Number of protein chains: 4
Amino acid sequence: MKKRIGILTSGGDCPGLNCVIRAVVSHATLTFNWEIVGIPYATQGLLERQTIPLNLHGWDLRGIDPLINMGGTILGSINKGDTLASAKEILASYEALGLDALIAVGGDGSLKIIHELSNLGNWNLVAIPKTIDNDVALTERSIGFDTAVNTVVDAINRLTFTAASHDRVMIVEVMGRTAGHLALHSGIAGGADVILIPEVPYTIKGLCNHLSQLRDQWRRKFAIVVVAEGATPCLEDLDNVASCSSAKCGRGQYIADQIASCSSNLIDTRVSVLGHIQRGGIPSALDRLTATVFGKTAVDLIAQEKYDQMLAWQNGQAVAVPIQDALDKSPSLVEPNSDLVQIAHSLGIYVGEN
Amino acid sequence: MKKRIGILTSGGDCPGLNCVIRAVVSHATLTFNWEIVGIPYATQGLLERQTIPLNLHGWDLRGIDPLINMGGTILGSINKGDTLASAKEILASYEALGLDALIAVGGDGSLKIIHELSNLGNWNLVAIPKTIDNDVALTERSIGFDTAVNTVVDAINRLTFTAASHDRVMIVEVMGRTAGHLALHSGIAGGADVILIPEVPYTIKGLCNHLSQLRDQWRRKFAIVVVAEGATPCLEDLDNVASCSSAKCGRGQYIADQIASCSSNLIDTRVSVLGHIQRGGIPSALDRLTATVFGKTAVDLIAQEKYDQMLAWQNGQAVAVPIQDALDKSPSLVEPNSDLVQIAHSLGIYVGEN
Amino acid sequence: MKKRIGILTSGGDCPGLNCVIRAVVSHATLTFNWEIVGIPYATQGLLERQTIPLNLHGWDLRGIDPLINMGGTILGSINKGDTLASAKEILASYEALGLDALIAVGGDGSLKIIHELSNLGNWNLVAIPKTIDNDVALTERSIGFDTAVNTVVDAINRLTFTAASHDRVMIVEVMGRTAGHLALHSGIAGGADVILIPEVPYTIKGLCNHLSQLRDQWRRKFAIVVVAEGATPCLEDLDNVASCSSAKCGRGQYIADQIASCSSNLIDTRVSVLGHIQRGGIPSALDRLTATVFGKTAVDLIAQEKYDQMLAWQNGQAVAVPIQDALDKSPSLVEPNSDLVQIAHSLGIYVGEN
Amino acid sequence: MKKRIGILTSGGDCPGLNCVIRAVVSHATLTFNWEIVGIPYATQGLLERQTIPLNLHGWDLRGIDPLINMGGTILGSINKGDTLASAKEILASYEALGLDALIAVGGDGSLKIIHELSNLGNWNLVAIPKTIDNDVALTERSIGFDTAVNTVVDAINRLTFTAASHDRVMIVEVMGRTAGHLALHSGIAGGADVILIPEVPYTIKGLCNHLSQLRDQWRRKFAIVVVAEGATPCLEDLDNVASCSSAKCGRGQYIADQIASCSSNLIDTRVSVLGHIQRGGIPSALDRLTATVFGKTAVDLIAQEKYDQMLAWQNGQAVAVPIQDALDKSPSLVEPNSDLVQIAHSLGIYVGEN
């Protein structure tokens, strides 16, 4: 039976989404001769019953398929809104659009909403995890994470040389919401001296001692401090979260202020808030491959009519896990005693008081 | 006569400084058999009479000369302090260190101080311009600018795809102090829709109209706004510079607030403050070549005992100009009717009310 | 007991080797206070009883630890020579140097030799797999492979735009020896139209038909052909391997000649032999992390006196496997019906006659 | 008067061509409201009277203008064929297509042919120089050169670390046809030890002595040799150009053979032929700016009805020069005693016998 499949991308964008779309379109078209339509702006497009026809000639520019090199998503995305309030209408749209199945690419937040919709109605849903926060459970890889780690490592490299030239402490605030994966991976790979993440409590005293030790014992006059945007307040300051006066200024500036204070302004700091460049960039080879494998396998699941599954990377291959199981355990945070935290310690990196 | 030459790097660091050092050491050693010593931390090292011996084997790592690939400066730098108060001691150090000449690599601020010192005493000075702000007069190129422009263009690229995916206006705050060169060059090269620089006044009304026109007339739902850190307040707001409540939040956040206001919060903005990643990175080929040519030519000037000169790039080659002439005209700002501003207009970019 | 540990890198170099060295030195020094010595040029350095002291200040350049950003190996490497003929002398050296254990980083060829030496004598050996060929068995990751895949993908991107501008077929010859992993991964990630690998037989007729179909059915006037250096001769040509007249010209040129022939010179081809740029480059974040985890864990194995093990990545973490087991199954080749080959088919890529 | 302008790209492609097209379309549309048509495949498209409508929405992909980031040319190009034989027909096409003027982007070869056509008929021609060979006379910059230099420097960086790890001499063959600009610029910027270019004769003896000196006097066990594809045969070998047995193997392999011979096979060499990756890549900021300035200024020249001019970069700005003057002096080769050659000498680089 010729199927009509919808695909949408939801939540914050990241590199690799277009590779999923390309793999889905290629495999569904070439192998099964199905029809694939894109749903723009996730559930909003669904609500408005909009579709974008997707085929192998869709974005032709002298025959170049630009999708695999492009960041972002050609389908657009949203990560806001009161989706569930329109649940009935959205479910009716799925019906009205004549979709046989829906492939949803999203992070744990988006997938929760879409999964809830599928529980309310009669969707044939296959989910694909993407997130630069890497906090979707049950999968070793989520699309976008590898590229983001490389982006942050590149920024750390750039900052290291200017830090060393001016004997400065460079503070790099990175994304990740409630999870420290991005900070921890990029900090270790980039050669950071301090990594502060939400999952591990720290003290300003411990941080300042470490910087002093670097300077005095190791004669390293500069340092790189990676701070996750969601890093907890320091232990000394748990009662006084408001101590960072402006929410806009973020955890990076808070840490800079604390270092200035503990060093009597002797330590010269600079704060870089990497912001949305972490969501951009040409996708890394690994993100392209993961996206391609997930996209192709999602089509295979639909062929087998195996729904309510999320693609996951486990033991070197793509497998299907029940969405509910993955979402139940998401967001997946850094274990304070995980291998990577141990490794950070073994490299002499300060990651808090554990 | 075998000379003993000092070299120092001063002011904010940038990619290409180490290429100057390498060229100076190579040419002075191989061609003239002179002795070269590095002065760490600019005038501070001079004051403290510190030197670092520099030779062709200086930073050997399996024989790799890492200097040409490294950002920053192996000599260290400072860009603060009341140097002239110690003028007498610094001049005495030059004498005491037995230097026959001094090569100073710096921006217009640093070169002014060092030139003033040379006026007070008896220095044989050759200056080399470096600045990511590109505001040293009389030279078409300064070391570090080309790399910084490429860094900002890369960041704009990354932001463009995520902007397009979410129909957002991305605001990118770039360095440049009082000059708009970095914003203007990178904005044009990167495909920005708006470029705000210190030299051209703008209105919030004009800016918002342009964004509306993009959206309504050209059906472009996202936009890229490049804002120089020193962009003037808008014309409507000249009396009220304090409207950006926190100095720490910068011009980018100010523009975001204004856009939110003029669009009744309909336009979704995100601010990226690129910060010190603009000073980092592997030097571009052009910065390496300029640095190498300047370094080599500085040694030639010393061989000719032609002092108080600054190297400048003019008409496709390195020439010497009197330092005083260059500094008199620095900082060199963007002409509001310059070719590049005209070009921005011709591409449909909003650059203010001229 | 304070141990004295040797570390050597053997076989063709790749990005990430220095990250292993850094992790080993950091963990062994900071956690255990052991002494680490580098053995230059693998078994040759051992034979000559040379050591390089390694400590946390070893390659200081203004305090920057350049090791994590550098490709290559500061210890040097060799991948030739009749090592086993000197087995007795090499084993005596291990004794004479007072080593308590040896960490050997190498590919399957090097590790085989070193393991054989350890069988002959009394070495306490821990092995770490590195190879851009990705052909070491029992481990999902080997150091260097991820960077090499990204390097090839970058080259394919560059070639795609020039191919499309001139309606050419670009043939990219990549490394991998007897294995097709590098070609297969980079070809899929890079958007290749044809991928020829040693493990899957192909016919010139099939290849030419595919190119015709691209041109006629899909109106794609250019194509990207990725050829592994060890790709088998085509099925039609099995008796006549010498048909590529010059061994120096390689498989890429052979394929170009065949396409010229089958298309009566109508198809314009260009051959790029990527060569040793595939072994270079700044290590990717993933290779840095894998190298760091392997290096740290190797030290832990020595602390547990667990020898004759190879580090392997399995199920999302580093584990130890008996070297013999890994080598028995190496080189690990591409399964002709593996998931990735299926995925290539599903994207419409020609990978031969299966 | 509303004009109808044609634009074509001719000869080997390079990064930056699409930036010219974007600037031409933007300025002609926004400022003058003219009509712009692309002519595909240079004179072949003209002969076949094909046009591609170009406007500000032409290649829209979620509103992203991908042209500035893309290498290659969306118009396609050819660099072969007996164009002048069809001169009459091509001139008739220009007439038939109703073109008021033609903007031709090409290297010296292509521009010669197109200029000759304009001499034969009644074309209103404006030329824009592009070439990774940098051999168009009277202009300090040609589009594509800066990106190509950066590409080669990146390749040299990659090769340097693997060369150093294995004590090898890496030979890098780069493009440039009869000119050595690309080899000379990238060799100096990349830290090469030897640069062989067509304009400077060399001897194998001089080359081998230099490599020996590096090894013995400077204790550098590896070396980087950059060879222009058009490097002359060595002086000892002028009578025997055929000594490189196979034309396909190129100058790089020839040099490798000579080094093997002069060192009695003691020096281990590897040859990398960079090939067409030198024509690819994301355009550098400088190439984007030059392309944009040239494109905008070409439109201005047409508005002034100033024809038979080529855009050139002189003294920091774009100027118009008579095409004939530029072509008369093209190809512009490296002066054997130019500043850059002197600089190479002063860095201790072997560039032949001058």
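**Entry 1. Chains C and A: symmetry**

I superposed chain C on chain A: a turn of 180° with a shift of 0.0 Å along the axis lays one on the other at an RMSD of 0.0 Å. The two copies are thus related as by a two-fold rotation axis. I note at once that the model is a predicted one. I then asked which residue of chain C comes closest to the rotation axis. C:Asn315 does, with its C-alpha at 2.0 Å.

**Entry 2. Chains C and A: the interface**

I looked up the extent of the contact and found 52 residues of chain C against 52 residues of chain A. I checked whether the partners use matching surfaces: 100% of the interface residues of chain C are also interface residues in chain A, so the copies meet through the same surface. The buried area comes to about 4,200 Å², and carbon and sulfur atoms give 63% of that area.

I next went through the polar terms. I recorded zero salt bridges between chain C and chain A. For polar contacts, I recorded six residue pairs across this interface, with both partners at pLDDT 80 or more.

Which elements supply the side of chain C that touches chain A? I listed five helices of chain C that each give at least two residues: α1 (17-32), α5 (145-166), α6 (181-190), α9 (285-303) and α11 (339-346). Of the elements, α5(C) gives the most, with nine residues. Sorted by class, I find 21 nonpolar, 21 polar and ten charged residues on this side of chain C.

**Entry 3. Chains D and C: symmetry and interface**

I repeated the superposition for the second pair. Chain D falls on chain C after a rotation of 180° with 0.0 Å of shift along its axis, and the RMSD is 0.0 Å. I again compared the surfaces used: 100% of the interface residues of chain D are also interface residues in chain C, so here too the copies meet through the same surface.

The contact draws 37 residues from chain D and 37 residues from chain C. I noted a buried area of about 2,900 Å² between chain D and chain C, with 53% of it on carbon and sulfur atoms. The salt-bridge count for chain D and chain C is zero. I find twelve residue pairs in polar contact across this interface, both residues at pLDDT 80 or more.

I then traced the side of chain D that touches chain C to its elements. Helices α5 (145-166) and α8 (250-262) and strand β9 (269-273) of chain D each contribute at least two residues. The largest share is that of α5(D), which provides eight residues. By class, I recorded eleven nonpolar, 17 polar and nine charged residues on this side of chain D.

**Entry 4. Disulfides**

How many disulfides does the structure hold over all chains? I counted four. I examined one of them in chain A, where A:Cys208 and A:Cys262 are bonded with their sulfur atoms 1.7 Å apart. The torsion about their S-S bond is about -85°, so I entered this disulfide as left-handed.

I also located the two cysteines in the fold. A:Cys208 lies in helix α7 (residues 204-216) of chain A, and A:Cys262 lies in helix α8 (residues 250-262) of chain A. The two cysteines are 54 residues apart, and the pair links distant parts of the chain.

Key: Residues are numbered from 1 along each chain as its sequence is written. Chains are lettered from A and ligands numbered from 1 in the order in which they are written. This is a predicted model: local features need pLDDT of at least 70, side-chain atom pairs count only at pLDDT 80 or more; totals for chains, interfaces and linings use all residues. Side-chain values use heavy atoms; hydrogens and water are left out. Contact means heavy atoms within 4.5 Å. Buried area is the accessible area (1.4 Å probe) that two parts lose on being put together, summed over both. A salt bridge is a side-chain nitrogen of Lys or Arg within 4 Å of a carboxyl oxygen of Asp or Glu. A polar contact is a pair of N or O atoms within 3.5 Å; within protein, one must be able to donate a hydrogen and the other to accept it, and residues adjacent in sequence count only if both atoms are side-chain atoms. Helices (H or I, at least four residues) and strands (E, at least two) are DSSP runs, numbered from the N terminus. Ala, Val, Leu, Ile, Met, Phe, Trp, Tyr, Cys and Pro count as nonpolar, Asp, Glu, Lys and Arg as charged, and the others, Gly among them, as polar. Copies are superposed by least squares on the C-alpha atoms of residues with pLDDT of at least 70 in both. A disulfide is a pair of cysteine sulfur atoms within 2.5 Å.
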